[in-house]
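Student: Please take a close look at the second largest pocket, and then walk outward from there to the rest of the chain.

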Amino acid sequence: SPGSPNPSTVDDIGPQIADVMHSPNTPTFGQPVVVTARVTESFLPIDSVILHYRVMYGVESTIPMNDTGSANDVIAGDGIYTATIPAGVASGGEMLRYFVTADDTDNHTMRAPVVADVSGNSQDPEYFGTVVVDASINTALPVWQWFTQSESNSHNRTGTRASVYYGGEFYDNVFVRQRGQATNSSESQKFDFNNGHDLFVDATTGTVGEINMNGNGSDPSYLRQVMAFDTFEAAGNPGSQSFLTYMTVNGSFDRLGTFIEQVDENLLDRHGFDITGELYKFVQRSNLDPVFTDGVTDGDGGPDSGTSTGIERKTGDESELSDVSSVTDFIAGLHLSTVAQRQSFLLDNVNTANLINYFAIRALIRDADDI
């Protein structure tokens, strides 16, 4: 607050909680889980530190955390508080979540993780967590374990909140909804991770904020989608990373899912493009006419007004479509009056080798469901 005193609410801040972690990272059914947190006073001495834990969507239990050098606490008085969740409280494949609260001597309370953003698709995680080893899973595929209280909403456009355990990392309170239209909509889903809590996929893809987990559609081999994206990559064209995953939901087998990297800034960066540039996706319109067929019909040399429909922006402010001049200018170039003008425009504005490869691969993989 430059130029004026800080607000009095600063005095309401309780102890600061940091470096919350647990061990082992992925416990077996017979292992207790030791949780530690570094707690420091803000204005008044620390009165108590409490661990709150929850199995799946059951009731929360509490355990006092101590800094006495006993009950798995290593060093007394070092500011690192410890509590142990007993072995056996969660079965194999079940989610075990927890948070930490700390009070000072005047009952000012702080919580970790802090839950401040509770609206929109991107919200704050409510818990830290892990998943108990499921000994029944025996696969060489990556394992995607997710949990939700509303499986039905996770498979429609309403969407719901969920937790995900993947690659030894736990992600809480993410948004999941149905994706796709006719072919894959019964199984395919989009997982939208919270800002500041991106999903780490692997060394190739790195961290991403959003991914697609497709069903197999009508492909009994489960290979068509992965091989198609691999073919684009092999030809030197930018494409999404894609691979098969073994999926469980709420501790039970879900399906064999096809991971598909979201087309967004992360993908642009991975392929060496400018992440501040404009990236658009042209989607299916109700009349099935693609954006490229709009033509020039408004009499002023520009595309007709219909160009503002059937477009999704994938970089920057995705809701901002008031100025799509790069799209309208491109479409206008496709509708120049002579063949020579159109050829010159394409050579100046299109990566022709990339485009030829793209059409060749579409023919090779027999992709006709494309607008």
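Tutor: Happily; here is the setting, then the pocket, then some other places along the chain. This is a predicted model, in which local features need pLDDT of at least 70 and side-chain atom pairs count only at pLDDT 80 or more, while totals for chains, interfaces and linings use all residues. Residues are numbered from 1 along each chain as its sequence is written, and side-chain values use heavy atoms, with hydrogens and water left out.

First, the setting. The protein has 6 helices and 19 strands; these are DSSP runs numbered from the N terminus, with at least four residues (H or I) for a helix and at least two (E) for a strand. The C-alpha trace spans about 85 × 60 × 35 Å along its principal axes. Of its 371 residues, 41% count as buried, where buried means under 20% relative accessible area, exposed over 50% and partly exposed in between, with a 1.4 Å probe and protein chains only. Looking at contacts (heavy atoms within 4.5 Å) between residues at least 6 apart in sequence, 57% join residues at least 24 apart. About 19100 Å² is exposed, and carbon and sulfur atoms supply 52% of that area; accessible areas come from the Shrake-Rupley method with a 1.4 Å probe, and for residues only the protein chains shown count as cover. There are 19 positive and 50 negative side chains, with the centres of the two sets 10 Å apart. For this count, Lys and Arg are positive and Asp and Glu negative, leaving out His and the chain ends, and each charge is placed at NZ of Lys, CZ of Arg, CG of Asp or CD of Glu.

Now to your pocket. A pocket is an open set of points on a 1 Å grid over the protein atoms alone, with protein on both sides within 12 Å along at least five of seven lines; a cavity is a set where a 1.4 Å probe fits but cannot get out, and lining residues have an atom within 4 Å of a point. Grid points are joined across faces, edges and corners, and a volume is the space filled by probe spheres set on the points. The second largest pocket holds about 360 Å³. It is lined by 18 residues, and Tyr127, Phe128, Gly129, Glu169 and Phe170 are the closest to its centre. Strands E1 (16-23), E8 (128-131) and E11 (169-178) each give two or more residues to the lining, and E11 gives the most, with 4 residues.

Strand E1 deserves a second look. Asp19 sits in this strand and has a positive phi of about 55° although it is not a glycine. Asp19 counts as partly exposed because its relative accessible area is 48%. Beyond E1, the peptide bond from Ser23 to Pro24 is cis, with omega near -5°, and Pro24 falls in the loop between E1 and strand E2 (33-40). On the way to E8 there is another cis bond, from Ala112 to Pro113, with omega near 0°; Pro113 is in the loop between strand E7 (109-112) and E8.

For E11, a useful neighbour is Thr160, in strand E10 (160-166). With a relative accessible area of 16%, Thr160 is buried. Setting aside neighbours within four places in sequence, its contacts include Val174, Phe175 and Val176, along with Thr148, Ser150, Asn153 and Ser154.

What about enclosed space? The structure holds 1 cavity of 30 Å³ or more, and the largest cavity has about 60 Å³. Of its 13 lining residues, Gln31, Pro86, Gly88, Ala90 and Val132 are the closest to its centre.

Further along the chain, Val208 lies in strand E14 (206-208) and is buried, at a relative accessible area of 2%. Beyond four places in sequence, Val208 contacts Asp198, Leu199, Val201 and Asn266. Tyr222, in the loop between strand E15 (210-214) and helix H2 (224-234), is another residue other than glycine with positive phi, near 65°. At 27% relative accessibility, Tyr222 is partly exposed. Last comes Asp317, in the loop between strand E19 (311-313) and helix H4 (325-334). Asp317 is partly exposed at 44%, and its C-alpha atom is 29 Å from that of Tyr165, 152 residues away along the chain.
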